[in-house]
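The following report describes the fold, the ligand surroundings and some backbone features of the structure shown here.

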Amino acid sequence: MPGSRLASELKPPRRLLLGPGPSNLHPRVIKALTMPLVGHLDPYFLEVMDETTELLRETFRTSNKVTFPISGTGSAGMEAALCNLIEDGDEVLVGVNGLFGERMVDIIQRYGGKCIRVEEEWGIPLSIERIEESLRESNAKLLCLVHVETSSGVVNPVKEVGDLAKKYNVLFLVDAVSSLGGCVLDVDGFGIDVCYSGTQKCLNSPPGLSPITFSEKAMEVIRERKSKVKSWYFDVSMIEKYWSGGSKSRFYHHTAPVNLIYALRESLRILLEQGLENSWKRHREVSETLIEGIEAMGLEMLVEAQRFRAPTLNAVKTPEGVDEAEVRRRLLSIHGIEVGGGLGRLAGKVWRVGLMGLNASQTNVTLLLKALEQELIRQGFNTEPREGAPKPSKG
Ligand code: PLP
């Protein structure tokens, strides 16, 4: 074509991805991604699909039949979860203490739901008492919660809120995008009806799939809807016919992203080989080492109570006089390490350090602490442990 010039060969830099996601790909996942493509109805692929759903059930800790990956990133899972359950005028209670709770509110409203917000400041866990109060006063059909709020690094009390959902007989929906594989999560044990995640965080797969699971109770509500699901692409009753149709009765819905599913299958194999509990423990221990190092330099964590700090996402307050963006820019360009900045009201005020999946290692923490110390000193910040420096806090 006149005027067109060929772009040069791709040469992406190698980064250590210690931000809020994506995390680095596991070498075995890279290998899985490059395996030969087969058709989305090939008998070989149908077996891969069944194996993937089985691995997902084990990872979510559920026996839910309707369990599969949605084609799309974590937000697609969020939208799929919400649009299937909500009909015009439905009351939905949402815990909001960060950007992803806000995103849920936006999606619920777009699908005609009426949101009842139970709010907390970013970095403060949602209050069980306030959620119970709202449940008592409302007619909510559904209660929604973000497990790990990636915008602030807070862990919300999913198990306790699950008990409330049972007590008040409402459906319980949980966003596990930044927690699946890295934080204690037990879908059936916590009474969760719908749960979704993302592949690019603790699973070390590329962005592009959102594993999701629906309880039988949620599916009954969906089957008894008065109106059609407003999204065609995310209508779970149709997608289910492709994912759980048995080998002879699978219905084409959309062309499955075959190689991404290979990658997910491999990442789940890796996680389950390690053992979920071992993985949760490793994430907790590595995060504790990071926090010790951070506090020893005189820095503070955004989330004050230790037991509500997410091991997968560690938000560190930027000290006064330090240029948040400049530190991040140099960590990336000089040290090859990506960390995240603050979103929304926390923009310019925090660094967000993700320790997810294979990236949750003591070696990575040492690398980051060294690089961060160097950059802080460069900006004139005194990183020597000093009197009055925050002591490791108790939750
Ligand atoms: N929910 C949470 C808690 C997240 O952290 C994210 C992304 O970071 C999302 C949802 C949306 O996921 P995605 O960016 O993959 O669409």
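In which loop does P22 lie? P22 belongs to the loop between β1 (16-17) and α1 (27-33), where helices (H or I, at least four residues) and strands (E, at least two) are DSSP runs numbered from the N terminus. The peptide bond that leads from G21 to P22 is cis, with omega near 5°.

This is a predicted model, in which local features need pLDDT of at least 70 and side-chain atom pairs count only at pLDDT 80 or more, while totals for chains, interfaces and linings use all residues. Residues are numbered from 1 along each chain as its sequence is written.

Seven strands form an open sheet of mixed pairing in the order β2-β10-β9-β8-β5-β3-β4; two strands pair if DSSP finds at least two bridges between them. Because β2 and β4 (114-119) stand at the edges with a single partner strand each, one side of each is left without a neighbour in the sheet. The twist averages 20° from one strand to the next, with axes taken as lines fitted to C-alpha atoms, for helices over the stretch in contact, and angles running from 0 to 180 degrees between N-to-C directions. Strand β3 (residues 91-96) pairs with β4 in the parallel sense over six bridges, and V96 stands opposite E119 in β4.

In helix α8 (residues 236-243), the residues V236, I239 and W243 are buried, that is, 20 or more other C-beta atoms lie within 10 Å of their own, whereas 12 or fewer would make a residue exposed and a count in between partly exposed, with C-beta atoms placed from the backbone.

The ligand is surrounded by 14 residues, the closest being T73, G74, S75, T150 and V177; a residue counts as near if its C-beta atom, placed from the backbone, lies within 6 Å of the molecule. Helix α3 gives the most to this shell, with three residues.

Two residues that are not glycine have a positive phi, as the table sets out.

| Residue | Phi | Loop | Other C-beta atoms within 10 Å |
|---|---|---|---|
| R61 | about 60° | between α2 and β2 | 17, partly exposed |
| N204 | about 55° | between β9 and β10 | 27, buried |

For comparison, most residues other than glycine have a negative phi, and most peptide bonds are trans.
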